[in-house]
Amino acid sequence: CDASTTSKLLCKLFQHTFSVAKQVRTDTTIGHSPVSVAFAAVSLARQIFSDLHQQTALLIGAGETIELAARHLHQHGISRIIVANRTLEKAHNLANQFDGYAIALTEIPTHLPEADIVISSTASPLPILGKGTVESALHKRRHQPMFMVDIAVPRDIESEVGKLNDVYLYTVDDLQEVIDENLRSRQEAAEQAQEIIDFHTEEFMGWLRSLDAIGMIQDYRRQAERMRDETLARALKELSKGRAPEEALRFLANTLTNKLLHTPSAQIRQAGHEGEFELLKAANTLFQIKDLRSR
């Protein structure tokens with residue numbers, strides 16, 4: 001629009017679209033239930049630790065899912081992020097994005113006691129965390145709760161870990177329930193959004209259709225103004241000849257009324273004569289004619 005490369009129509013359409021999109025975001029929950037595995041993991045973490053500002057997260061892996069988990073944790077104010085990966089350079093690259101620090105997989109036993117939240121997603125064919133390692137970490141933590149999410153297939157965390165006291169272990173299958181629920185919530189919100197979009201689409205199309213009438217309205221107004229100017233000139237001429245102002249005003253009112261009503265009256269009379277009842281109905285709607293004969 002600033003570059004004058006869009007028409008009036010496109011400018012109007014863009015603004016209408018932005019307005020409707022904002023209303024959808026504001027009036028529905030369509031953006032409140034993300035459906036990624038990473039977000040589901042962080043959502044569960046927030047249910048267990050209502051305030052993440054005091055928690056430390058250990059993320060095992062450096063792929064897309066772990067990066068998304070790191071981003072969600074960072075957005076929710078996680079206190080510290082530790083990234084463990086087989087390739088230390090990749091761990092450093094990811095950790096630096098979120099003010100975290102990187103470690104090698106072999107260093108996990110040393111740092112595991114620091115972790116309140118553990119999210120793991122690697123391509124390892126064998127488990128990264130075993131029951132013994134986690135038991136040792138819990139002992140050093142004095143059995144403070146540890147939330148663990150194993151997103152990997154095959155599993156990164158031995159299933160026996162889930163049997164330990166003070167460990168909340170979730171797998172992809174557990175997260176799927178959260179994702180399914182969020183999908184249902186999104187579907188309901190999408191249906192509400194569709195109603196909003198449909199309403200405003202019709203509103204915009206109504207405005208678009210009204211453009212066809214603008215030219216006719218302008219022509220009709222110019223015609224009426226021409227009649228007004230002609231009649232006013234005649235009235236002023238009568239005044240200059242010494243005609244009484246009251247008579248000149250009456251002449252102006254009567255003449256202008258007759259001119260404005262002549263063509264519509266003739267067309268309505270013709271429509272009645274030829275039985276064009278739809279035209280009569282349209283004329284009644286157009287002129288908002290009220291029946292004064294019974295008064």
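**Stop 1: D99**

Begin by selecting D99, which counts as exposed at 67% relative accessibility (exposed means over 50% relative accessible area, buried under 20%, and partly exposed in between, with a 1.4 Å probe and protein chains only). The model on display is predicted, so that local features need pLDDT of at least 70 and side-chain atom pairs count only at pLDDT 80 or more, whereas totals for chains, interfaces and linings use all residues. Residues are numbered from 1 along each chain as its sequence is written, and side-chain values use heavy atoms, with hydrogens and water left out.

D99 is not a glycine, yet its phi is positive, at about 55°. To place D99 in the fold, display the loop between α4 (88-97) and β3 (101-104). Helices (H or I, at least four residues) and strands (E, at least two) are DSSP runs, numbered from the N terminus.

**Stop 2: the annotated span**

Next, colour residues 44-178. An unreviewed UniProt entry annotates this span as "domain: Quinate/shikimate 5-dehydrogenase/glutamyl-tRNA reductase"; such annotations may be inferred rather than shown by experiment, feature names are shortened, and positions follow the numbering used here. Helix makes up 36% of residues 44-178 and strand 21%. The C-alpha atoms at the two ends of the span are 9 Å apart.

**Stop 3: helix α6 and the residues after it**

Select residues 131-140, which form helix α6. Which residues of α6 are buried? They are V134, A137 and L138. These residues lie on the same side of α6 because they cover an arc of only 100° around the axis, the arc being that of the directions from the helix axis to the C-beta atoms. Show β5 (146-150) and β6 (167-171) as well, since the buried residues of α6 pack against both strands (contact means heavy atoms within 4.5 Å).

Rotate the view to the other side of α6, where H139 and K140 are exposed. For K140, the relative accessible area is 56%. A distance drawn from the C-alpha atom of K140 to that of S79 spans 20 Å, with these positions 61 residues apart along the chain.

Continue to R142, which follows α6 and has a positive phi near 60°. Then select H143, in the loop between α6 and β5. H143 also has a positive phi, about 60°, although it is not a glycine. At 45% relative accessibility, H143 is partly exposed.

Move on to the loop between β5 and β6, where P154 is found. The peptide bond that joins V153 and P154 is cis, with omega about 0°.

**Stop 4: the second largest pocket**

A pocket is an open set of points on a 1 Å grid over the protein atoms alone, where a 1.4 Å probe fits and protein lies on both sides within 12 Å along at least five of seven lines; lining residues have an atom within 4 Å of a point.

Select G61, A62, G63, N85, R86, T87, K90, L105, S121, T122, A123 and S124, which line the second largest pocket. This pocket has a volume of about 180 Å³, a volume being the space filled by probe spheres set on the grid points, which are joined across faces, edges and corners. Colour the lining by class to find 7 polar, 3 nonpolar and 2 charged residues. Ala, Val, Leu, Ile, Met, Phe, Trp, Tyr, Cys and Pro count as nonpolar, Asp, Glu, Lys and Arg as charged, and the others, Gly among them, as polar.

**Stop 5: the largest pocket**

Now turn to the largest pocket, which holds about 440 Å³ of space. Its lining has 19 residues, of which Y220, P264, Q267, L286 and F287 are the closest to its centre. Display α7 (172-240), α8 (245-273) and α9 (277-287), each of which supplies at least two residues of this lining. Which helix gives the largest share? It is α8, with 7 residues. The lining of the largest pocket comprises 14 nonpolar, 3 polar and 2 charged residues.

**Stop 6: two distances**

Select G215, in helix α7, which is partly exposed, with a relative accessible area of 32%. The C-alpha atom of G215 lies 63 Å from that of V172, and 43 residues separate the two along the chain.

Finally, select L13 in helix α1 (residues 8-27). L13 is partly exposed, at 33% relative accessibility. Add F204 to the selection: L13 and F204 are 191 residues apart in sequence, while their C-alpha atoms are 7.8 Å apart in space.
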